[in-house]
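Work through these exercises with the model on your screen. Try each task before reading its solution.

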Amino acid sequence: MEVSDKKKEVNLLSLLREVQEEYGYLPEEKLREIATGVGRPLIDVYSVATFYKSFSLTPRGRHHVKVCLGTACHVRGSNRVLDATKDKLGIQPGETSENGEFSLETVMCLGCCAIGPVMVIDNKYYGQMSPAKVETVLKRQSEKL
Amino acid sequence: MTIYSDVKPIQTAIDLENLRRRISEEKLPQLSCISLCAGTGCRAAGSEEVRDAFIKEIEGKGLKVKLQVKETGCHGFCERGPIVVIHPRKIFYQKVGPEDIPEIISETLLKGKIIERLLYVDPLTNQQILYEPDVPFYKKQKRIILGANGEIVPTEINDYIAINGYSALPKALLKMSPEEVIDEIKMSGLRGRGGAGFATGSKWELCRKAQGDIKYVICNADEGDPGAYMNRSLLEGNPHSVIEGMIIGGYAIGASEGIIYVRDEYPLAVKHCKLAIESAKDYGLLGNNILDSGSNFDITISMGAGAFVCGEETALIASIEGGRGTPRQRPPFPAQRGLWNRPTNINNVETWANVPLIINKGAKWFSEIGTAKSKGTKVFSLVGKINSTGLVEVPLGTTLREIIYDIGGGIPGNRQFKAVQTGGPSGGCIPAALLDLPIEYESLKKAGSIMGSGGMIVMDENTCMVDIARYYTAFLNDESCGKCFSCRKGTQRMQEILTDITQGKGKEGDIELLEELASTIRDVSLCGLGQTAGNPVLATIRYFREEYEEHIRKHHCRAGVCKALVKSPCQNACPAGIDVPRYIRLINEGKPGEAVAVIREKVPFPAVLGYVCLHFCERKCRRGEVDEALAIKMLKRFAADHDDGSWKKNARNLPPTGKKVAVIGSGPAGLTTAYYLARRGHYVTVLEAERVTGGMMRLGIPAFRLPRQILDSEIDEIKAVGVDIKVNSRVESLDDLFNHGYDAVFAGIGAYLSRNMEIEGEDDAAVLNGIDFLRDVNMGVKINPGNKVLVVGGGNAAIDSARTALRLGVAEVAIAYRRTYAAMPASPEEVKEAVEEGVKLDFLVTPVKISRVNGRLKVEFVRMELGNMDDSGRRQPVPIKGSEFSGEYDTVIKNIGDRPAVPGGYGLSLGKSGEITVDPDTMATSRKGVYAGGDVISGPASVIEAIAAGRKAAVSIDRYLGGTGNIDEKLAPAEELTPFAVEEGERCRLPFSMLPPDKRKSFDLVEIGYDRNQAVNECKRCLRCDLESH
């Protein structure tokens, strides 16, 4: 990603984004590497890494589940969809299941409000979700619930 | 991406015009062009599969020369995606699937035939709409910004040039000075579309005047409000419009570098912007010496990383600079010291897109759109509880009502509108009473909200406003950068208090504390996030304070949302709190007797309710959001019809207390009170003025809805508990009762004093009070209303009168109602049955005079139209001058409402319409020891509400007489919760057997009901909301 770089300092945000894209998350060793590489304390790197929601400090599962909690989905009952999903996967948002199969994330608006409540699994969109549909949709991705 | 390499770069303005001409001349005379919406929303709905199907079919049939498929940006009517528009006729196909493609090609494209099933049907008129401009959703919009989306492929710069794109650029750069450009923007009145609404021209001027050689312009595309996706659709669908605006802006301000800061949640927008920038560079419209003007301009893209606060301009700048997105103190403003400490002008995506239009068509043209202080159009995302979800572009000054109803098509399921949130988490909710508010910067602020970036979330009766405040506050707390203590801790405390309230742990004083916190956070925080963080809380308290109070004081969530307070929406909506999911489950398991026991734990009239309840539960049934609400009432009736009496096993009376209670009136309120007090061991006497028992259940509701033997048997059960009922016993004075040794009195005397129409001729003998008409027929009085009857009114009583008249042999029965069908208080199923039986309905009409002509009644009517709103949020009907007409009838029956007639001898304080005023929680009247409930306190309502009032009164009276007030009974056996699997797939309600219309001549029961198989089948549609984890 290009950003006009007038200052001599390195753009930490861009560096972290590259790592996130390559590894799917920000491994601790990489954060330390960056800190040493740019000559800044680890806390500075960690501070930017934890400020932005796009970055994850934990690895994602084989199937990444996003439940939209945007306002339009919320008034259509997305929190109940989330509760059912947490139930079925046995994890909280931000976590990955023990067998590494699923990870769960909540997002604030995918811009597909017309088909809300929305759930996305690995870039596949599922609209008009309800608690009753969660199990079937998850099973379509993987039997190892 | 097509670039004419012999032209690049375009050296002069004349070259550009030549290119424009060449593009339009070289446009192949295609047979047809297919515009396929490929915005993110339609992609999620499957437009990529549709595109693939088109390509496959076109190549397979060798039609590439004749047909062009254009993948465009968002068309705006997201509800109906995937959308396909066939040019040049602009045939509008919606909800298209890949399986429809072969037919679209063979029929529509090759033969010109319309495929009807793919057309949009206007729900108001039931008409099919053929062409895009006629679609009601688009008709009322003014799509000067978004309209181009459907015409161009966003990554094809030639398409943009062909529709006159990049024509403002040469005009600004070559024919206007920077100051002239700024003046034009100032005169147009354009205000920032990101939310704050600052005058754009003035902002540019400030930056131009700032000191410094190097300046920047930034496009803020960090559209973070949940539910708002206007900017995304603009960047995905027409990125060149934004680029052109930025180049012009850079020229005016003196900046040669522009940055688009876009959320990383918008990969398609990023992709299209990058391609657009590349092609603009190729053509020399970006770079050095653009069009030989001497000006340079370049654009780069910087991506966000998931932080809402980065939409705030100083936080945005910090993020571009690579660090945490924390805001900075202002002054100095970015116009003075912004990115890299240099003068920077930041504008929203939509603001930039307006610039080329203003330069091309002039400030005067622009300023004629909108209102005095809010010029131009605004794009809104209309989402939530709305029929036509999508992007709406209208002139500022358009009212909320027009957007939500005329364009948005109103609320799904005909539910009641509650509020609309504008401005996202920084805004406030606007209630029904303000639906006629014109949308402008100032008017929204005055109402307690803000324009914001344009998100409009529509909410209905099933939305809890306390939960909404909690939701937004939690969001803001999560997104707060943490720099200011007030915002960081303040939003946290507000979130904690709100969460407590939604869990039934709220305390007196919480509302006031929230108000104080919200105001303080606003006054003390550094940036816009903190300064507006209190808005959602303050607005919901301002307009929906009662909901907060109900949560705190009564642990009740009327919308049925707050899980800790609601077992299931159906039970929550029932005035008596009947455990609906439990008895549905028991019916499903083949145990109707136990189901009745569950029902009887809350009400002593399971059968009556199963025949006539107004079923508030069904309105809230979540199944109704999938396909159709469960037929809860009919299932209750099935259980009651198959009762085995096992409920009596666990029912018992307490030992006699020696206290005596007089219940006046044997309607549902009185009998319910009597039943529970008898169970508590008191000696209860019911004093009924008429010669029959039952109140409205017998005298109001016709036998073809509630068979007499059903009512009789339930009243017998009440007598069996020990209640003594005396008929022909009118009570004129309460003193008499107390003198006779009664310790407490309950007045359930109903409301059956007919209201008057207040018109001439109303006192004619053939003009009957509907309530008296029904009573007489139900008592067996022989009435002959003649051949033609008019019923005036729109509630269930009016429908009952009309259907009763038919059964008395009247040949023609008509109902005249002063409002619309949608506003009729009568139950839709009753109206439907009446129409099936031949009743004629006339709406927006009211009688103004009655006279006697040739032995018949001549009724003069006037037609009505809907005028301004009243306080209840409904539009008042107003007469249309000159629309008078008349009709002749033998009898006119008035069912326009009734009032209580409380004898003066009771000595009770009464309300405006003569109702007895009571404490809403204890049912206590103004007189010690006297309680009241049912229609006498509320006006005509429903059986279930009367029963619920009876329960409350029984609790209070028992306490008053020294008891604990605990009237709960355990009638059903304890059981294990055995969840049955919720059935997936859409399936509408099972229809129940009914008498065919031509057989409905007598007073026999019309709704025959379910048999055993049908009942069990219907139960399987229950979503078991009671089992959802808490």
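## Exercise 1: a residue with an unusual phi

C109(A) is buried, because its relative accessible area is 9% and buried means under 20%. Keep in mind that this is a predicted model.

**Task.** Find where C109(A) lies in chain A, and state the sign of its phi.

**Solution.**
- Step 1. C109(A) sits in the loop between strand 2 and strand 3 of chain A.
- Step 2. Its phi is positive, about 90°, although C109(A) is not a glycine.
- Step 3. Most residues other than glycine have a negative phi.
- Step 4. Now take N728(B), another non-glycine with a positive phi, here about 55°. N728(B) lies in the loop between strand 18 (724-726) and helix 33 (734-739) of chain B.
- Step 5. Check burial. N728(B) counts as exposed because its relative accessibility is 57%, and exposed means over 50%.

## Exercise 2: cis peptide bonds

**Task.** Determine which residue is joined to P117(A) by a cis peptide bond, and which to P332(B).

**Solution.**
- Step 1. Most peptide bonds are trans.
- Step 2. G116(A) and P117(A) are joined by a cis bond, with omega about 0°. P117(A) is in the loop between strand 2 (102-107) and strand 3 (119-121) of chain A.
- Step 3. The bond from P331(B) to P332(B) is also cis, with omega near 5°. P332(B) belongs to the loop between helix 13 (313-320) and strand 10 (344-348) of chain B.

## Exercise 3: where the chains meet

**Task.** Describe the contact between chain B and chain A by residues, area and salt bridges.

**Solution.**
- Step 1. Count residues. 58 residues of chain B are in contact with 40 residues of chain A.
- Step 2. Take the area. The size of an interface is often given as the accessible area lost when the parts come together. Between chain B and chain A about 4,200 Å² is buried, and carbon and sulfur atoms give 56% of it.
- Step 3. Count charges that pair up. There are four salt bridges between chain B and chain A.
- Step 4. Look at a pair. D83(A) forms a salt bridge with K563(B), and their closest N and O atoms are 2.8 Å apart.

## Exercise 4: the two largest cavities

**Task.** Compare the linings of the largest cavity and the second largest cavity.

**Solution.**
- Step 1. Rolling a probe the size of a water molecule over the atoms shows where empty space is left. A search of the whole structure finds ten cavities of 30 Å³ or more.
- Step 2. The largest cavity has a volume of about 240 Å³. Its lining has 20 residues, and those nearest the centre are V75(A), G77(A), N462(B), V561(B) and R622(B).
- Step 3. Helix 4 (71-75) and helix 5 (78-89) of chain A, and helix 18 (465-479) of chain B, each supply at least two lining residues.
- Step 4. Sort this lining: six nonpolar, six polar and eight charged.
- Step 5. The second largest cavity holds about 130 Å³. Among its 17 lining residues, C570(B), C621(B), C1022(B), L1023(B) and C1025(B) lie nearest the centre.
- Step 6. Helix 24 of chain B gives the most to this lining, three residues.
- Step 7. Sort again: eleven nonpolar, one polar and five charged.

## Exercise 5: salt bridges in chain B

**Task.** Decide whether E762(B) is buried or exposed, and do likewise for K364(B).

**Solution.**
- Step 1. The structure holds 87 salt bridges over all chains.
- Step 2. K364(B) and E368(B) form one, with N and O atoms 2.9 Å apart at the closest. K364(B) is exposed, at 62% relative accessible area. E368(B) is exposed too, at 55%.
- Step 3. E762(B) and K894(B) also meet in a salt bridge, 2.9 Å from N to O. E762(B) is in the loop between strand 20 (753-754) and strand 21 (767-769) of chain B and K894(B) is in strand 29 (residues 891-894), so the pair ties together parts 132 residues apart in sequence.
- Step 4. E762(B) is buried, at 11% relative accessible area. K894(B) is buried, at 4%.
- Step 5. Salt bridges with shared partners also build one network, whose members include R705(B), R803(B), E830(B) and R1000(B).
- Step 6. Zoom in on R803(B), in helix 35 (residues 796-807) of chain B. R803(B) is buried, with a relative accessible area of 0%. Its contacts include F704(B), A834(B) and V1006(B).

Notes:
Residues are numbered from 1 along each chain as its sequence is written. Chains are lettered from A and ligands numbered from 1 in the order in which they are written. This is a predicted model: local features need pLDDT of at least 70, side-chain atom pairs count only at pLDDT 80 or more; totals for chains, interfaces and linings use all residues. Side-chain values use heavy atoms; hydrogens and water are left out. On a 1 Å grid over the protein atoms alone, a cavity is a set of points where a 1.4 Å probe fits but cannot get out, and a pocket is an open set with protein on both sides within 12 Å along at least five of seven lines; lining residues have an atom within 4 Å of a point. Grid points are joined across faces, edges and corners, and a volume is the space filled by probe spheres set on the points. Helices (H or I, at least four residues) and strands (E, at least two) are DSSP runs, numbered from the N terminus. Ala, Val, Leu, Ile, Met, Phe, Trp, Tyr, Cys and Pro count as nonpolar, Asp, Glu, Lys and Arg as charged, and the others, Gly among them, as polar. Contact means heavy atoms within 4.5 Å. Buried area is the accessible area (1.4 Å probe) that two parts lose on being put together, summed over both. A salt bridge is a side-chain nitrogen of Lys or Arg within 4 Å of a carboxyl oxygen of Asp or Glu. Buried means under 20% relative accessible area, exposed over 50%, partly exposed in between (1.4 Å probe, protein chains only). Lists of a residue's contacts leave out its neighbours within four places in sequence.
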